[in-house]
Amino acid sequence: MSSIIKSYKKFLILIFLAWFAFEAWAQTASSREKLVNFLPKIPGWILSQEPEFYGPENLFEYIDGASEAYLAYDFQGLIVAFYKREKDKEPIITVEIYDMGEALKAFGIYSSERPPEGHFLPIGLEGYLEKGTLCFLAGSCYVKVFSFLDEKEADEIARFFGQEIARLIPAEDKWTDPADIFPPSGLKPRTIKFLLKNFLGFEYLHHAFLASYEREGETFEAFIVRAEDRTEAEILESRWKKDLALSAEKIQEKDFAFQAVHKYLQNVYVTRHDSFLLGLVRLRRADDELARTFIREMISMINHKFK
């Protein structure tokens, strides 16, 4: 009887592995088919070779050392195309289109690489251009265009290719600009980031937004963690408070938030509102008045945007 049970278990494991492999293959095939349609066909330009495609299992072959960052945002697939003019012997344009599955996840990896300052352009949802390299966000994709020409011509051609690609990528209806959920006063431009998991080193904190601020002579970061529902938010809040208490130099439960003085996160203020955790970190000194006012503003923004 035991041998039959063991055989049955092995059979179930094989079925599971086969299904997992099929799901991975289907996901890769779907991503490849989607991305091919985003490659532009531009008069006077031709592909110098067949486009290359990379899935989650072999992304490291193309961007060794950086693939883990993309996989952390549930990377789906990458298509790489090389273009040249009919008169050129070698390709002078490289196009990389990363399928991240959702606009928010695409924003996550884009925001992790975006410089705080640069030549930003209204292309796709947002983009920036620097020395012939154009990076932008469009739909559920993160796009990079590299032009290997003299700088002025390189910028013009990279921008042109980017505009053509952006036209081919459909917008995502459920996209919400992260800037719309943070109070505008004191918000440093283009500092908002999205972290899908492992927020601030706490592996259970997921779907978090982080933004840099300067107010009243103080610098700090504001965060919003969006849980699945109120119940999960309560669980996350309780767990995080316990973990902060274990590593903090000082803690205090205030009438508007839980406060902790932390070696790395400095002054931390955490509270919960419905299915959201929100607050401030890296405040150099305790400032209850600033924290109370700011948290009140954040709650107002959340209520306006999500209710």
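The exercises below work through a predicted model of one protein chain.

Residues are numbered from 1 along each chain as its sequence is written. In this predicted model, local features need pLDDT of at least 70 and side-chain atom pairs count only at pLDDT 80 or more, while totals for chains, interfaces and linings use all residues; side-chain values use heavy atoms, with hydrogens and water left out.

**Exercise 1. The whole chain**

Task: State how many helices and strands the protein chain has, and what percentage of its residues count as buried.

Solution:

Step 1. The secondary structure consists of six helices and 15 strands. Both are DSSP runs numbered from the N terminus: helices are H or I with at least four residues, and strands are E with at least two.

Step 2. The chain has 307 residues, and 46% of them count as buried. Buried means under 20% relative accessible area, exposed means over 50%, and partly exposed lies in between (1.4 Å probe, protein chains only).

Step 3. The C-alpha trace spans about 75 × 70 × 35 Å along its principal axes.

Step 4. Take the contacts (heavy atoms within 4.5 Å) between residues at least 6 apart in sequence: 59% of them join residues at least 24 apart.

**Exercise 2. Helix 3**

Task: Find which residues of helix 3 are buried and what covers them.

Solution:

Step 1. Helix 3 covers residues 103-113. Its buried residues are Ala103, Lys105, Ala106, Phe107, Gly108, Ile109, Tyr110 and Ser111.

Step 2. Eight of its 11 residues are therefore buried, so helix 3 is largely enclosed by the rest of the structure.

Step 3. The cover of these buried residues includes helix 2 (67-71) and strand 5 (119-121). Strand 6 (126-130), strand 7 (133-138), strand 8 (141-147) and strand 9 (193-195) are also among the covering elements.

**Exercise 3. Three salt bridges**

Task: For the pairs Lys34 and Asp99, Arg114 and Glu126, and Arg215 and Glu297, give the N to O distance and the place of each partner.

Solution:

Step 1. A salt bridge is a side-chain nitrogen of Lys or Arg within 4 Å of a carboxyl oxygen of Asp or Glu. The structure holds 24 of them.

Step 2. Lys34 and Asp99 meet at 2.9 Å, N to O. Lys34 is in helix 1 (residues 2-36) and Asp99 in strand 4 (residues 93-99), so this pair links distant parts of the chain, 65 residues apart. Lys34 is partly exposed at 28% relative accessible area, whereas Asp99 is buried at 2%.

Step 3. In the pair of Arg114 and Glu126, the closest N and O atoms are 3.0 Å apart. Arg114 sits in the loop between helix 3 and strand 5, and Glu126 in strand 6, so the bridge ties together parts 12 residues apart in sequence. Arg114 counts as buried at 8% relative accessibility, and Glu126 counts as buried at 18%.

Step 4. For Arg215 and Glu297 the closest N and O atoms are 2.5 Å apart. Arg215 belongs to strand 10 (residues 208-215) and Glu297 to helix 6 (residues 288-306), so the pair ties together parts that are 82 residues apart in sequence. Arg215 is buried at 11% relative accessibility, while Glu297 is partly exposed at 28%.

Step 5. Some salt bridges form a network, which links Glu234, Glu237, Lys241, Glu253 and Arg272.

**Exercise 4. The nonpolar cores**

Task: Describe the largest nonpolar core and name the element that gives the largest share of it.

Solution:

Step 1. A nonpolar core is a set of buried Ala, Val, Leu, Ile, Met, Phe, Trp, Tyr and Cys residues joined through side-chain atoms within 4.5 Å.

Step 2. The largest core has 44 residues, of which Tyr70, Tyr98, Met100, Tyr142, Phe182 and Ile224 touch the most other members.

Step 3. Elements giving two or more residues to this core include strand 3 (77-85), strand 11 (218-226) and strand 15 (276-283). Helix 6 gives the largest share, six residues.

Step 4. Not counting residues up to four places away in sequence, Ile224 touches residues including Phe182, Phe209, Leu278, Met298 and Ile302.

Step 5. A second, separate core of 28 residues includes Tyr83, Val145, Ile157 and Phe161.

**Exercise 5. Arg285**

Task: Locate Arg285 and list what it touches.

Solution:

Step 1. Arg285 lies in the loop between strand 15 and helix 6.

Step 2. Arg285 is partly exposed, with a relative accessible area of 45%.

Step 3. Leaving out residues up to four places away in sequence, Arg285 touches Glu218 and Asn267.
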